[in-house]
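Q: Hey, got a minute to walk me through this one? I'd like to begin with what sits in the middle.

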Amino acid sequence: MRYASLIFFMFLYGIYLSGQNTSVTGKVISSQDNTPLIGVNVMLSGESTGTITDLDGNYSLLNVPPDGALVFSYVGYETQTVNVSNRSVVDVTLSVGNVLNEIVVTSFGIPKDKKVLGYGSQKVSGDDLRKSNQQNIVNGLQGRLAGVTINSAGGAPGAGANINIRGINSIGSGNDNQPLFVVDGIIVSNSTNAGSVRPSAGSNAVNDSEQFMNTNRASDINPADIESINVLKGAAATALYGQRASNGAVIITTKKGKSGATRIEYGMTYGIQNVDKVPELQTTYYQGLSGIQRALPATIFWQFGPQALPGDPFANHFRDFFRTGNTINHSLSFSGGSDKSTFLTSASYFNNKGIVPNSDFNRITAKLSATHQLTEKLNVGGQINYAKSAGASPPSGDKSIYSALTFWSPNFDVNDYLNADGTEKDYSSGTIDNPRYVAETSPLNTEVNRVFGDINLNYTFNSWLKAKYQITADYYNDKRNRAVGADLDAGSQVRGFYVDQYINSSEVNSNFFLMSNHRLTNDLALNVTLGHNVTDQLTSSRGVRGEGFIASGFYNLSNTSNFFALAPTDFRKRLVGVFGDVRLDYKDFLILNVTGRNDWSSTLPKENRSFFYPSVSLAYILTNSIIESNDIISYAKLRGSFAQVGKDASPYQIGTYFGAVPGFPFGAIGGFRRDLDIGNFNLKPEITTENEIGLEASLFNNLITLETNYFVRKSKNQILPVGVSNVTGFASYVTNAGVIKNSGIELLLGATPIKGAFRWDIMLNWTRIRSVVESMPENLKTITYYDQGRSALRIEEGGSMGDLYGYEWKRNEKGETLIGTNGLPTLDQTTLVKIGNALPDWTGGLSNAFSYKGLTLDVLLEMRQGGDMVDIGEINAIRNGTLAFTEDRNKAVIWKGVLADGSPNNIVAIFDENTYRAFGINAHHSFNIQDASWFRIRSASLSYEIPKSIIGSKIRSLNIGVSGSNLFLSTPFRGYDPEALAFGSGSNFIGYTGRNTPNTRNINFNVRVGF
């Protein structure tokens, strides 16, 4: 909190000071029909300072130098730069022009005209983001970006989202592959921390990340505050940020105050949620085994009884367990300013009652931002943001609600879960938990407090030289607790347990920039940015676990007989960087951009602590040189780039350390042990090299726009733990080894088939990415991320990220399936073979926007072709005969294959319950690995801007609408929506789904009003 206090007081001090300034107002209209243009970006050239035009096309901008220039940009119109020339009123008429020519925010918040960029980037407006009404901004980007893969962690309240840009670069199972998130120049954490929520014994979970679908911290950002998001994809785009942005960067620009009368904006959304897809059940066979119905108190969950009779009770417990969830969201903002200052303050409240009983999530945000002109040359600005969230998350993964649901018999009411005395109603004689009872008694309770903000000083020496200093801070505290009774499977071996944990994270950044923009000759312009960056990070966690409840039903640490301190963690890291960016612009058609950055990292050995990486890009605007703009080619640009970026190690990888032994202290006895990993004093940073070429064009008088990129990205010196012989006394050795290559094609295609009072805009994005693991460590030919027993996620040399392995039938030398004497094939359990890949062959999104006199309809379609997934919960439902997949039974079959002598199989086998239950059959990949291709209506919204003639002069604007997300899904996948990852956000464990809260279909009703 000390960082938040520092920012706040510096911020108030800057606001208090006063000085000289110049304000400029004006109106922007269209050259087509002289109508006002709403939402035109008005930026001070070379600065991030800017505003947008209002409903009447008017704008007002403070702190404009008399000799400065304003840049006006608007989708579908030519960008225009106008010199102020000591004027206080600057009116502008924009001509219809190139849709690709717009101002984008790049590294460190530096605005650039998109035409000068030699690399690919993509911008999403805040309005587009809000159309889906997703409160997690990462989910709001789904379907809108080329080269970006986004997966939700399911439909639980506050569930996180996973985002990868241009593939997975680091092959270690725990390595970070998430992009950097930056809000108005403030680096903010998007981490997903799983914590420690398991007992000391009795859990089969791979790790804590599968137990709850934890929130990614970008969800602390209020979507209503966002003006735009620019996604920097390639290494050339992110090179100035250094190793922090080696996986790309998401640059968020928030709304700012504008001079003039105070504006008030209020928005309210009410929504309902339902589970969107559930497994299909069979209703042909009743509960029982071997064709015989079983009755209590026998173990009951198998559906291999007699054929069902009319009137036998059947219910889809996969659907009936869930309720209708609801959301309510309020957002309010005040903004305005004078000739000296501008301000914006906002607040929001969001509450989500989840589809799982006893699950919820709520969030409160508040923001204050302002700018003030201290003198004619010195400007101060800053902001402070606060977010508080809390929720109850439903258990997922091993021994959870969803593992219990896969065992459940549809002949029993899943919501009948309590006996008269309040104990669990059990139909399985203690074999499985009642899923509703688990939900009601064992959620994870979380409470997060977060503060982030900055203070920045901007000094203008003259018309071509400026300086900026910015200090930013981001701090959050995450408090968690979980209680599990002794009557639940997860707590049975330790007689129940209770966990309390506190996770703290802080980051402070100091940034200095010197920026020069100077025209050397009439034909040649020079733009130079020099900078310095210092980053300090600290993450720590503390916690305690109590086991063995003394008195039943009282869930508190004081009621446990054994106390265990959770292994404390303290990760401290410092990064220092210097960088430079030089751009030469020749006759506005040839733009050369060269950057360089050197980092010093505290997590690397002294000899390798310093590492440098460059980038160079070239943009060639054909229509400003060899091609004259015409009715066919309105605009065309070729571009290419080469760049490198580094990535250091996580803390404490270069030495051998000691730590607490799990389960200690035990009473008064403490315990420490040497780390089982050997550190490496020769460790080097990972280096990613990327080459990119692209084309941007606008055709047929801007009827069609096109942007396409091709990239090849190679990452070497992968930092990995390599197994060593146990006789050394260690388990692994951290080293540099391995090379992974990602290559891909990105396509953006836009069109406006109809213009005028009725307008129709189309935007298509399409992506194809391929990865190859070119080399692996000498003593580590396979990395297994996860082995489910019937399938595995692993990589091998020559393979790809996301490769899935499974078991095949035994075959002869001709590849024919061998059939045993029982007429069935035999599973070859000697080795796992590559069966599929979790990453899609290609992805695409299609946005359609229709507007007519204030009425707007937006529909976003999304498709993924290819990509395989494993439903890790389904195998229990197959073994128990509940799924429609198992309805094909009790019949004679002749399996295709050959006998031991090579003759065609002619043995009749019975396809019965044993076929589904036996590992020798149900472990075959055809039972486990499925095609997860899908097509969906990602979002749709219908809104109406009520005319001024109706609402009068006191209300500035009034918009009402209805929207929805995940409205339709078509997929061959048998289980829940395959998009939801089983191991949550921030994890590299892809390709698995099933044992977590499924995705939801959402319908929202919206009102926005402005005064």
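Q: Which residues touch the most other members of the largest nonpolar core?
A: This is a predicted model, to be clear. The largest nonpolar core has 51 residues, and the ones touching the most other members are Phe318, Phe321, Phe322, Val356, Ile401 and Leu405.

Q: And which elements give two or more residues to this core?
A: On the helix side they are H6 (401–407), H7 (435–441) and H9 (874–879). The strands are S24 (497–519), S42 (803–809), S43 (827–837) and S48 (909–911).

Q: Which of them gives the most?
A: Helix H6 does, with four residues.

Q: Back to Phe322, what does it touch further off in sequence?
A: Not counting residues up to four places away in sequence, Phe322 touches Val275, Ile355, Val356, Tyr402, Tyr976 and Pro998.

Q: What other core lies apart from that one?
A: There's another core of 37 residues, separate from the largest one. Phe108, Tyr119, Val182 and Tyr613 are among its members.

Q: Any general reason to expect cores like these?
A: In soluble globular proteins, nonpolar side chains tend to end up buried together.

Q: OK, zooming out. How many helices and strands are there in the protein chain?
A: The protein chain has 13 helices and 53 strands.

Q: What radius of gyration does the chain have, and what would a compact globule have?
A: The chain comes out at 30 Å. A compact globule of 1011 residues would be near 30 Å, so the two agree. As for the box, the C-alpha atoms fill roughly 90 × 65 × 65 Å along the principal axes.

Q: What share of the residues is buried?
A: Buried residues are 57% of the 1011. The chain still exposes about 39,300 Å², with carbon and sulfur atoms supplying 56% of that area.

Q: Of the contacts between residues at least 6 apart in sequence, what share joins residues at least 24 apart?
A: That share is 69%.

Q: What about charges, how many positive and negative side chains?
A: There are 87 positive and 88 negative ones, and the centres of the two sets lie 4 Å apart.

Q: Switching to single residues. Where does Phe700 lie?
A: Phe700 is in the loop between strand S34 (686–699) and strand S35 (704–716).

Q: Why is Phe700 called partly exposed?
A: Because its relative accessible area is 41%, and partly exposed covers the range between under 20% (buried) and over 50% (exposed).

Q: What does Phe700 touch, then?
A: Leaving out residues up to four places away in sequence, Phe700 touches Asp631, Ile632 and Ser634. Ser634 is 66 residues away along the chain, yet the two C-alpha atoms are separated by 6.7 Å.

Q: And Ser715, buried or exposed?
A: Ser715 lies in strand S35. Its relative accessibility is 1%, so Ser715 counts as buried. Beyond its neighbours within four places in sequence, Ser715 contacts Asn169, Ile687, Thr688, Gly738, Val739 and Ile740.

Q: Last topic, backbone oddities. What is phi for Ser85?
A: Ser85 has a positive phi of about 55°, although it isn't a glycine. Ser85 is in the loop between strand S6 (80–83) and strand S7 (92–94). With 48% relative accessibility, Ser85 counts as partly exposed.

Q: And Asn133, where is that found?
A: Asn133 is in the loop between helix H2 (126–130) and helix H3 (137–140). Phi of Asn133 is positive too, near 55°, in a residue other than glycine.

Definitions and conventions: Residues numbered from 1 in each chain as written. Predicted model: local features only at pLDDT ≥ 70, side-chain atom pairs only at ≥ 80, totals over all residues. Heavy atoms only, no water. Rg over C-alpha atoms; globule rule 2.2 N^0.38 Å. Buried < 20%, exposed > 50% of the residue type's maximum accessible area, 1.4 Å probe, protein only. Contact = heavy atoms within 4.5 Å. Areas by Shrake-Rupley, 256 points an atom, 1.4 Å probe, with all protein chains shown as cover. Lys, Arg positive; Asp, Glu negative; His and termini not counted. Charge placed at Lys NZ, Arg CZ, Asp CG, Glu CD. Core = buried A, V, L, I, M, F, W, Y, C linked by side-chain atoms within 4.5 Å.
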